[in-house]
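The questions below go through one chain, each followed by a short reasoned answer. Please look at the sequence and the model first.

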Amino acid sequence: MFSFQEQFSAATKANFEAQLALITTMTSKAFEGVEKLVELNLAAAKSTLEENTSNAKQLMTAKDPQEFIALATSQAKPSAEKAQAYSRHVASIASSAQAELTRAAEAQIAETSRKVSALVDDVSKNAPAGSENMVAMVKSVISNANAGYEQLTKTTKQAVQTMEANVNSATEQFTQATEKATRAKK
């Protein structure tokens, strides 16, 4: 019995340390993603401010309404293209962060599952006679939990892929609408 308690204590400690490492890794990856978004937003804000100032100066030099409209129309397309590039960059950052978080979680869960299975195998070797059904049930529960996690992972990946496809589609529609409006104004 003492051996089982030592094994259980060591497994609990290892599991706690693994969970702490997972949380640390996931927090670090999340902060990296947020940092990239902040950098992107600051660069976009700075660039937009500079461009808007330049565009306003150009518009103020227009001598008649037709020149004003021509200038405004010529400024619309680059703005739409920059908005599209920004959207793609945000989607890329989100996708990258999600992939990193998924990889970290998958690795940690696989390792934890392996350790739990090893512990169950060790305990079952020292289990008293007649406990085979209980050991089989615990192994079945672990197997079912792993299968559930794998399904959750697949579903999450599909949801992220769908979100990325929707963002790309919306960006493309926005670009097409802007180009169509730009052509119509000419």
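Q: What percentage of the 186 residues in the chain is buried?
A: This is a predicted model, in which local features need pLDDT of at least 70, side-chain atom pairs count only at pLDDT 80 or more, and totals for chains, interfaces and linings use all residues. Residues are numbered from 1 along each chain as its sequence is written, and side-chain values use heavy atoms, with hydrogens and water left out. Buried means under 20% relative accessible area, exposed means over 50%, and partly exposed lies in between (1.4 Å probe, protein chains only). For the 186 residues of the chain, the buried share is 17%.

Q: Which pattern does the chain follow when read along the sequence?
A: Helices (H or I, at least four residues) and strands (E, at least two) are DSSP runs, numbered from the N terminus. The chain has three helices and zero strands. Along the sequence, the pattern is therefore written with helix symbols: α-α-α.

Q: How far apart are the end C-alpha atoms of helix H2?
A: Helix H2 covers residues 65-125, which is 61 residues. The expected span of a helix is 1.5 Å times one less than its number of residues, so H2 should span 90 Å. The distance between its end C-alpha atoms agrees with this, at 89 Å.

Q: Which residue's backbone nitrogen does a side-chain oxygen of aspartate 64 reach at the start of H2?
A: A polar contact is a pair of N or O atoms within 3.5 Å; within protein, one must be able to donate a hydrogen and the other to accept it, and residues adjacent in sequence count only if both atoms are side-chain atoms. At the start of H2, the side-chain oxygen of aspartate 64 comes to within 3.1 Å of a backbone nitrogen, that of glutamine 66.

Q: Is glutamine 75 buried or exposed?
A: Glutamine 75 sits in helix H2. Leaving out residues up to four places away in sequence, it touches Asn55, Gln58 and Leu59, where contact means heavy atoms within 4.5 Å. Its relative accessible area is 12%, so glutamine 75 counts as buried.

Q: Which side chain makes a polar contact with the side chain of glutamine 75?
A: A polar atom of the glutamine 75 side chain lies 3.4 Å from the backbone oxygen of asparagine 55. The side-chain partner, at 2.8 Å, is glutamine 58.

Q: What distance separates the C-alpha atoms of alanine 97 and alanine 30?
A: Alanine 97 is in helix H2 and is buried, with a relative accessible area of 18%. Alanine 97 and alanine 30 are 67 residues apart along the chain. Their C-alpha atoms are separated by 6.7 Å.

Q: What share of the contacts with a separation of 6 or more comes from residues 24 or more positions apart?
A: This share takes the contacts in the chain with a separation of 6 or more as its base. Residues 24 or more positions apart account for 77%.

Q: Which residue of helix H1 pairs with glutamate 100 in a salt bridge?
A: A salt bridge is a side-chain nitrogen of Lys or Arg within 4 Å of a carboxyl oxygen of Asp or Glu. Glutamate 100 is partly exposed at 26% relative accessible area. Its bridge of 3.4 Å, N to O, is with lysine 29. The pair links distant parts of the chain, 71 residues apart, joining glutamate 100 in helix H2 to a residue of helix H1 (residues 2-60), lysine 29.

Q: Which residues are joined into one network by salt bridges that share partners?
A: Glutamate 100 also bridges arginine 103, with the closest N and O atoms 2.6 Å apart. These two are three residues apart in helix H2, so about one helical turn separates them. Salt bridges with shared partners join into one network Lys29, Glu100 and Arg103.

Q: Which residue forms a salt bridge with lysine 82?
A: The closest N and O atoms of this bridge, between lysine 82 and glutamate 51, are 2.7 Å apart. Lysine 82 lies in helix H2 and glutamate 51 in helix H1, so the pair ties together parts that are 31 residues apart in sequence. At 24% relative accessibility, the partner counts as partly exposed: glutamate 51.
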